[in-house]
Amino acid sequence: MRKFLFISWLFSFFLLIISCRPAKQPQLHGDDISKVIAQMTNVMVHDVTNPPLAARFFAYTCLAGYEVVSQNDGHIKSMHGVLNNYPAFNKANAVVGSNYQLSTVLAMYKTAQQLQPSGVLLKKSEQQFLDSCRLIGFSDAVIDSSLSYATAISKKVLTYVKADGYRKISSYPRYTPTGNAGTWNPTPPSYMTPVEPYFYTVRPLTLNSSFQFTSVSPVPFSTEKSSAFYKFLLLNYAKGENGLTAAEKDIANFWDCNPFAVQNDGHMVMGLKKISPGAHWLGITGIACKQSKAGFSKTVEVTTTVAIGLMDGFISCWADKYKTNRVRPETAIRKYIDPHWKPFLQTPPFPEYSSGHSVVSAASAAILTHYFGPNFSYTDSTEINYGIPPRKFTSFDQAAKEAAISRFLGGIHFKDAIDNGLVQGNKVGGWVLQKMNKN
């Protein structure tokens, strides 16, 4: 009898211990971060967000999520002291009962909703995410606490955003083309005004200044047939819309990523839905994280680092563009060689040098190579939703170089803008890694 009572008491004690132990919370995964990026991309496409501004959108949103992770994962360092003027966050702000993974995703949603004209569309995505969290076992109490934590982090990140100088741009004088020979002018079919001529005034995240890594000077403009510039013209002229092989057209189309592309249909002009180069590289980042089985925190770290490289890459490139103010191949070829020539891709509405695709692709490739190695093979399916079939790559460097040369094949960049842009982007990517002590 005593033995039975002892066993019963022992069993009851065991049940008491189990009931007092905190319930194991569900786990989120890196895919949850990639889904937020994909949803942000949809909003960016909806709003026809220009490439530099899209990079800003991604960078600050990722920073909000990263900040939560850095407060809860000892392997992830804070950005305070790393990014320019980035504030110190009080870890005591973490709300009792919150789940940091849940707060990470929610901080991204809360921040993204404030950074796009149609950010309100992400509220539906946020609600669907919360519904899915309840289905996998998150309680309403944990969700409420996590939401409070996320909101507090997002508010402080948004304060940091407001101080980066972008809002001042609207008060600057309207940019007017100079009309000088060899300088940029609006291009067909829509002859749009230049995009973000003052983006270089935005506070960089890691760079000492917007002009820290500007490229060497471009080949001087000249109409002399023996000049280097005229030889560049002839190279582009040979690669017009009728001068490409099927394989070259595939490359140009795959990396087009021009949110300003339009199509004329009689008297109607229709916008074509395309993502920005930054969104494309963040898509690649998600693919690499999933393929390598990166955990939740690692995915946040890698995605944020790439997003930082994108923003600083665009700031560096745009400083170059409006400093050199170089003419596009389409304008020069039509004026000096063939008035009927057309590039295979539509020319984006901003000066030519240096190549934005080259800069941000090289920066992204440098960062991704650091995390995943120089021989990381993957299939890039980022553009499937836009009717573009996947392409296979054996390294990020190969992808970056293909993205860069696609702009020459598309007829929208000269060769030196591509080659020097790759060098510029590699420097930006290396600098970002150095600042984050990843080298």
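Mentor: A residue counts as buried under 20% relative accessible area, as exposed over 50%, and as partly exposed in between. The model under discussion is predicted.

Trainee: Is V48 buried, exposed or partly exposed?

Mentor: V48 is placed in the loop between α2 and α3 (51-72). V48 has a positive phi of about 50 degrees although it is not a glycine. Its relative accessibility is 41%, which lies between the two cut-offs, so V48 counts as partly exposed.

Trainee: Which other residue, not a glycine, has a positive phi near 45 degrees?

Mentor: Most residues other than glycine have a negative phi. The residue in question is placed in the loop between α8 (246-254) and β1 (262-265). With a relative accessible area of 4%, this residue is buried. The residue with this phi is C257.

Trainee: How many disulfides does the model contain?

Mentor: A disulfide requires a pair of cysteine sulfur atoms within 2.5 Å. The sulfur of C317 is 14 Å from the closest cysteine sulfur, in C257, and is therefore too far away for a bond. By this rule, the number of disulfides is zero.

Trainee: Which cysteine has the sulfur nearest to that of C62?

Mentor: C62 counts as buried at 2% relative accessibility. C62 takes part in no disulfide, and 11 Å separates its sulfur from the nearest cysteine sulfur, which belongs to C289.

Trainee: What distance separates the end C-alpha atoms of helix α13?

Mentor: Helix α13 comprises the 14 residues 396-409. At 1.5 Å a residue, α13 should span 20 Å, and the distance in the model agrees with this expectation: the end C-alpha atoms are separated by 20 Å.

Trainee: How many residues of α13 are buried?

Mentor: The buried residues include F396, A399, E402, R407 and L409. Helix α13 is largely enclosed by the rest of the structure, because its count of buried residues, out of 14, is ten.

Trainee: Which residue caps the N-terminal end of α13?

Mentor: The backbone nitrogen of Q398 lies 3.0 Å from a side-chain oxygen of the capping residue. Beyond the helix, α13 is followed by G411, whose phi is positive, near 80 degrees. The residue that caps the N-terminal end is S395.

Trainee: Which helix supplies the largest share of the lining of the largest pocket?

Mentor: The largest pocket has a volume of about 500 Å³. Of its 20 lining residues, S34, A38, G283, T382 and N385 lie nearest its centre. Both α2 (30-46) and α9 (277-291) supply at least two lining residues. The largest share, seven residues, comes from α2.

Trainee: How many charged residues line the largest pocket?

Mentor: Asp, Glu, Lys and Arg count as charged. By class, the lining has eight nonpolar and nine polar residues, and its number of charged residues is three.

Trainee: What is the volume of the largest cavity?

Mentor: Two cavities of 30 Å³ or more are present in the structure. The largest cavity is lined by 17 residues, and those closest to its centre are P51, P348, F350, H357 and R407. The lining divides into ten nonpolar, four polar and three charged residues. The volume of the largest cavity is about 130 Å³.

Trainee: How many charged residues line the second largest cavity?

Mentor: The second largest cavity holds about 80 Å³ of space. Among its 15 lining residues, T187, S190, M192, T347 and P349 are the closest to its centre. The lining has ten nonpolar and five polar residues, whereas the number of charged residues is none.

Trainee: Which residue follows P188 across a cis peptide bond?

Mentor: Most peptide bonds are trans. The bond in question has omega near 5 degrees. The residue that follows P188 lies in the loop between α6 and α7; this residue is P189.

Trainee: What is the value of omega for the cis peptide bond that joins Y353 and S354?

Mentor: S354 is found in the loop between α11 (329-336) and α12 (356-372). The bond between Y353 and S354 is cis, and its omega is about 0 degrees.

Trainee: Is S210 buried or exposed?

Mentor: S210 lies in the loop between α6 and α7. A polar atom of the S210 side chain is 2.4 Å from the backbone oxygen of Y200. The relative accessibility of S210 is 6%, which is under 20%, so S210 counts as buried.

Trainee: Is K168 buried or exposed?

Mentor: K168 is placed in the loop between α6 (140-162) and α7 (228-238). The C-alpha atoms of K168 and Y198, 30 residues apart along the chain, are separated by 9.5 Å. With a relative accessible area of 55%, which is over 50%, K168 is exposed.

Conventions. Residues are numbered from 1 along each chain as its sequence is written. This is a predicted model: local features need pLDDT of at least 70, side-chain atom pairs count only at pLDDT 80 or more; totals for chains, interfaces and linings use all residues. Side-chain values use heavy atoms; hydrogens and water are left out. Helices (H or I, at least four residues) and strands (E, at least two) are DSSP runs, numbered from the N terminus. The expected span of a helix is 1.5 Å times one less than its number of residues. Buried means under 20% relative accessible area, exposed over 50%, partly exposed in between (1.4 Å probe, protein chains only). A polar contact is a pair of N or O atoms within 3.5 Å; within protein, one must be able to donate a hydrogen and the other to accept it, and residues adjacent in sequence count only if both atoms are side-chain atoms. On a 1 Å grid over the protein atoms alone, a cavity is a set of points where a 1.4 Å probe fits but cannot get out, and a pocket is an open set with protein on both sides within 12 Å along at least five of seven lines; lining residues have an atom within 4 Å of a point. Grid points are joined across faces, edges and corners, and a volume is the space filled by probe spheres set on the points.
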